[in-house]
Amino acid sequence: MPGPLQISGSVSVPESELHWRFSRSSGPGGQGVNTTDSRVELSFDLAATESLPPLLKTRALERLASRLTGGVVTIAASEFRSQLRNREAAEVRLAQLLREAVAPPPKKRRPTKPSRGAVERRIAAKKHRSDLKRLRRDI
């Protein structure tokens with residue numbers, strides 16, 4: 001867990017750029033729920049980071065525009081009772097979010113036409129189905 005957050009093979013975010021906040025989590029936990037700060041908020045200033053190459057940074061800023069608040073992306077985790085497990089969950093979610101945001105765009109689809117054989121098979125199947133239904137009818 002300590003150390004840089006690995007996004008992809010060559011891209012990582014140093015620990016110094018990650019900001020943690022802890023608070024009390026709602027939900028089950030017995031008496032300990034009132035005293036333990038197990039809810040975790042992990043913030044990463046995407047707009048001010050120097051760890052991402054300019055191309056990946058602009059791509060991530062465009063794709064995550066709806067999730068950013070002042071250029072900062074925040075992940076909250078409170079599904080576990082343990083702060084440590086919530087920290088791990090938040091790190092995994094942030095890494096996945098950034099991985100998807102910096103991924104290259106998918107290749108453009110080359111439009112194709114169905115082959116003549118495929119068209120003929122489709123029409124033959126439709127004709128066969130039509131004949132079956134026609135034969136079932138009362139005359």
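Helices (H or I, at least four residues) and strands (E, at least two) are DSSP runs, numbered from the N terminus. This is a predicted model, so local features need pLDDT of at least 70 and side-chain atom pairs count only at pLDDT 80 or more, while totals for chains, interfaces and linings use all residues. Residues are numbered from 1 along each chain as its sequence is written, and side-chain values use heavy atoms, with hydrogens and water left out.

**View 1. Helix α1 packs against helix α2.** Here α1 is residues 54–63 and α2 is residues 83–102. Their axes sit 8 Å apart, at an angle of about 105°. That makes the two helices roughly perpendicular. (Angles run from 0 to 180 degrees between N-to-C directions, and the axes are lines fitted to C-alpha atoms, for helices over the stretch in contact; under 35 degrees counts as roughly parallel, over 145 as roughly antiparallel, 65 to 115 as roughly perpendicular and the rest as oblique.) Look for L56, R59, A60 and R63 on the α1 side, meeting E100, A101 and V102 of α2. Contact here means heavy atoms within 4.5 Å. Sorted by class, the meeting place has 4 nonpolar, 3 charged and no polar residues. (Ala, Val, Leu, Ile, Met, Phe, Trp, Tyr, Cys and Pro count as nonpolar, Asp, Glu, Lys and Arg as charged, and the others, Gly among them, as polar.)

**View 2. Helix α1 has a buried side.** L56, K57, R59 and A60 are the buried residues of α1. They lie on the same side of the helix, because they cover an arc of only 165° around its axis; the arc is that of the directions from the axis to the C-beta atoms. Part of what covers them is α2. Swing over to the other side of α1 and you'll find P54, L55 and E62 exposed. (Buried is under 20% relative accessible area, exposed over 50%, partly exposed in between, with a 1.4 Å probe and protein chains only.)

**View 3. The largest nonpolar core has 25 residues.** Such a core is a set of buried Ala, Val, Leu, Ile, Met, Phe, Trp, Tyr and Cys residues joined through side-chain atoms within 4.5 Å. I7, F44, L46, L94 and L98 touch the most other members. β4 (39–45), α1, β5 (72–77) and α2 each chip in at least two residues, and α2 gives the largest share, 8. Zoom in on L98: beyond its neighbours within four places in sequence, L98 is in contact with I7, V13, F44, L46 and L64.

**View 4. R24 and S26 sit in the loop between β3 and β4.** Strand β3 covers 18–23. S26 is exposed, at 66% relative accessible area, and R24 is exposed too, at 53%. From S26 to G117 it's 91 residues in sequence and 61 Å in space, C-alpha to C-alpha. R24 and K127 are 103 residues apart along the chain, with 66 Å between their C-alpha atoms.

**View 5. K126 belongs to helix α3 (residues 116–136).** K126 is exposed, with a relative accessible area of 53%. Its C-alpha atom is 58 Å from that of V40, 86 residues away along the chain.
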